[in-house]
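The exercises below are meant to be worked through with the sequence and the coordinates at hand. Try each task before reading the solution that follows it.

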2 protein chains.
Amino acid sequence: MKIGELGEIGIIKIFQEEFSSLPHIILGLKTPTGIYEDTGVIDLKDGNVLIVTTDLIGKKTHMPPEMTPRQMGRKSVIVNISDLAAMGAKPLGLVMSIGLPSDLDAEDLKEIAIGMNQAAEEYETCVFGGDTNMTDDVILAGTAIGIIKKEDLLTRHSAKPGDIVAVTGYLGSSAAGLQILMQNLAVSPEIKKKLTKYTLEPKAQLKIAMELSKIKGITASGDITDGLAWELHKVAAASGCGIKIEEIKLPTLQETKKVSKEFDLDLLELIMHIGEDFELILTINPKKWEKVQEISKKNNIKISQIGHVTDKKNEVTMLDKNGNLINLKKKGYDQFLTRS
Amino acid sequence: MKIGELGEIGIIKIFQEEFSSLPHIILGLKTPTGIYEDTGVIDLKDGNVLIVTTDLIGKKTHMPPEMTPRQMGRKSVIVNISDLAAMGAKPLGLVMSIGLPSDLDAEDLKEIAIGMNQAAEEYETCVFGGDTNMTDDVILAGTAIGIIKKEDLLTRHSAKPGDIVAVTGYLGSSAAGLQILMQNLAVSPEIKKKLTKYTLEPKAQLKIAMELSKIKGITASGDITDGLAWELHKVAAASGCGIKIEEIKLPTLQETKKVSKEFDLDLLELIMHIGEDFELILTINPKKWEKVQEISKKNNIKISQIGHVTDKKNEVTMLDKNGNLINLKKKGYDQFLTRS
């Protein structure tokens, strides 16, 4: 059997079966809900926990051809910062394992470095170490380390029935931008610039997440990098609950709607199963909704209620715009299944 | 200019120029001696420091064809544990960014996972998280996190003139094993098995390093993965001193000597510029030499004096077996220069 037939979940299962763990690892591949998180968490036993997350991107398999070396460098940092943001953690720094083909231009490498550094500075952190190795393709494998008080840690496993389900920002923007690039859609320069910026130069919701972690009302948090449906299912499974959302409440940019309408793109497919939005999915104790809105306003980042948590275990549904209740498929963007 | 012409040092220089740092990073790409270390060090401000190290290995570019998937998995852990060992740090755990081609056999992936886990268990730690991505080649980018009391941290920058220069174990074994594999040398099965084990299933000197870190007499420490000459130069440059060693004192296995003689391999080249020995180079306050020997005996790991630290800044010399003093070239194994 080839791993392309297993998909990412089958692949992770192999590691889960073979790996062992230790008691100071409070979230990880082997802990009950660790599989639903993008990071591992180490208990430092002094009231703080350490968040460790790693993400690898390869030029050939992960980057649209239009992405510049600077944007690649930037993205290799952002994907990891976004995982820290999902937990509300403050970054301590990043290290980078970098694979490079020997015929890469030095100028391109400099651009990659500039992109990494700019992204790190944007989140008040730095890339402080790493390793370079010769590989066939450009490979940027970043690891970010974050720290947070144990009591403030945001996870995906504490959502309760009745909690508000909300997202930051707008959904589908990055996926729409990707379609513009991949299908070379004839959109206006303004729309192209606006939407592809989400694809090529994503931002992580770190600052607002660090503030939200302190209000003790965020019961679950994750970043929406693999599509909303998949992220909702992860929260539901980790928390042992259900989620019901409403299609008309999904926040999308006018531009995204326009492009999807004009070029007959399935907007729901983009939002649910392509993703890469680098926004946060949150479940919130209703008593803290007002406080959340205050933080939203202060940071000038929209936080929209899209539904609520139910007691129907693992049932993730959406009331669509025609009034029908549909089941959202437990399907995310799976690069192995998609491309194999 | 292609990066293959720059070599690893030129590549690192690009990152050093572009990156910024922050005060809590006490060893890193931008700190005065950080460039000589394989790890970054974060001050946790509670008396402890966090060691973060990352290493990427690719199947096509870093593994002899004889290396099994299990051995690959093992090695991806060992290279990182060895970097923690060099600092005397206790591992808290590892995360793995894994790139996989979709036509890889699931059975091979399982073997990679087993190898990783066995290696982690051997050093009383675990792989607790990671990320899998589709790539052309098998890429294993591990990051290890370690912790140590700030006062116990071993670095390369505190060697003093008069200190003893010593190494653990035997030198050249791994490089000799690699030649046996690459040139398919007609050696006896016993010798092949013994030497290639160093190449295919290296061990890190973690336990003894953790003990040595507590005696307050190890003034510099590093692992010898890029050849002894290179590692000596790093210690000399980081500490602002010189080093003089003696060829006849270099500890080598009988088998290594035999193979190098029979097949006309340049033993000094193997030791000095190929390396991958995963042994430690140490500089030791002479007053603590006896204590070091005690620890050596207790752990059943040979620690041999090979020379001493001098006050001749950056001068790294060797008294060869003919009584000539030669300069050891500041040259390590550089995969970019070698293979480009």
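**Exercise 1: a covered strand and its partner**

Strand S5 (residues 127-134) of chain A is mostly covered, since 8 of its 8 residues are buried. The model is a predicted one, and chain A averages a pLDDT of 95, with 98% of the residues scoring at least 70.

Task: determine how many bridges join strand S4 (residues 90-100) of chain A to S5(A), and whether the two run parallel or antiparallel.

Solution. Start by counting the bridges: 7 of them join S4(A) to S5(A), and the two strands run parallel. Next, take one pair as an example, in which A:Met96 has A:Gly130 of S5(A) as its bridge partner. Finally, follow the chain from S4(A) through helix H4 (residues 106-122) of chain A to S5(A), which gives a β-α-β crossover that is right-handed.

**Exercise 2: the surroundings of one residue**

Task: locate A:Asp320 among the strands of chain A, and decide whether A:Asp320 counts as buried, exposed or partly exposed.

Solution. First, place the residue: A:Asp320 is found in the loop between strand S12 (316-319) and strand S13 (325-327) of chain A. Second, count its neighbours, bearing in mind that a residue is buried at 20 or more other C-beta atoms within 10 Å and exposed at 12 or fewer. Because A:Asp320 has 13 C-beta neighbours inside 10 Å, it counts as partly exposed. Third, list its contacts, which are A:Glu247 and A:Ile326 when residues up to four places away in sequence are not counted. As a further distance exercise, A:Asp320 and A:Thr155 lie 165 residues apart in sequence and 28 Å apart in space, C-alpha to C-alpha.

**Exercise 3: how the two chains meet**

Task: describe the contact between chain B and chain A, and find the turn and the shift by which chain B can be laid on chain A.

Solution. Begin with the contact, in which 68 residues of chain B take part together with 68 residues of chain A. On the side of chain B that touches chain A, helix H1 (residues 3-18) of chain B gives the most, with 9 residues, and the residues of that side divide into 30 nonpolar, 24 polar and 14 charged. Then superpose the copies: a turn of 180° and a shift of 0.0 Å along the axis lay chain B on chain A with an RMSD of 0.0 Å. The two copies are therefore related as by a two-fold rotation axis. In addition, 100% of the interface residues of chain B are also interface residues in chain A, so the copies meet through the same surface. For the confidence in the model, the scores are ipTM 0.91 and pTM 0.93.

Key: Residues numbered from 1 in each chain as written. Chains lettered and ligands numbered in written order. Predicted model: local features only at pLDDT ≥ 70, side-chain atom pairs only at ≥ 80, totals over all residues. Contact = placed C-beta atoms within 7 Å. Helix = DSSP H or I, 4+ residues; strand = E, 2+ residues; numbered from the N terminus. Nonpolar A, V, L, I, M, F, W, Y, C, P; charged D, E, K, R; others polar. Least-squares fit on C-alpha atoms with pLDDT ≥ 70 in both. Pairing = 2+ DSSP bridges. Right-handed = clockwise from strand over helix to strand, strands pointing away. pLDDT = per-residue confidence, 0-100.
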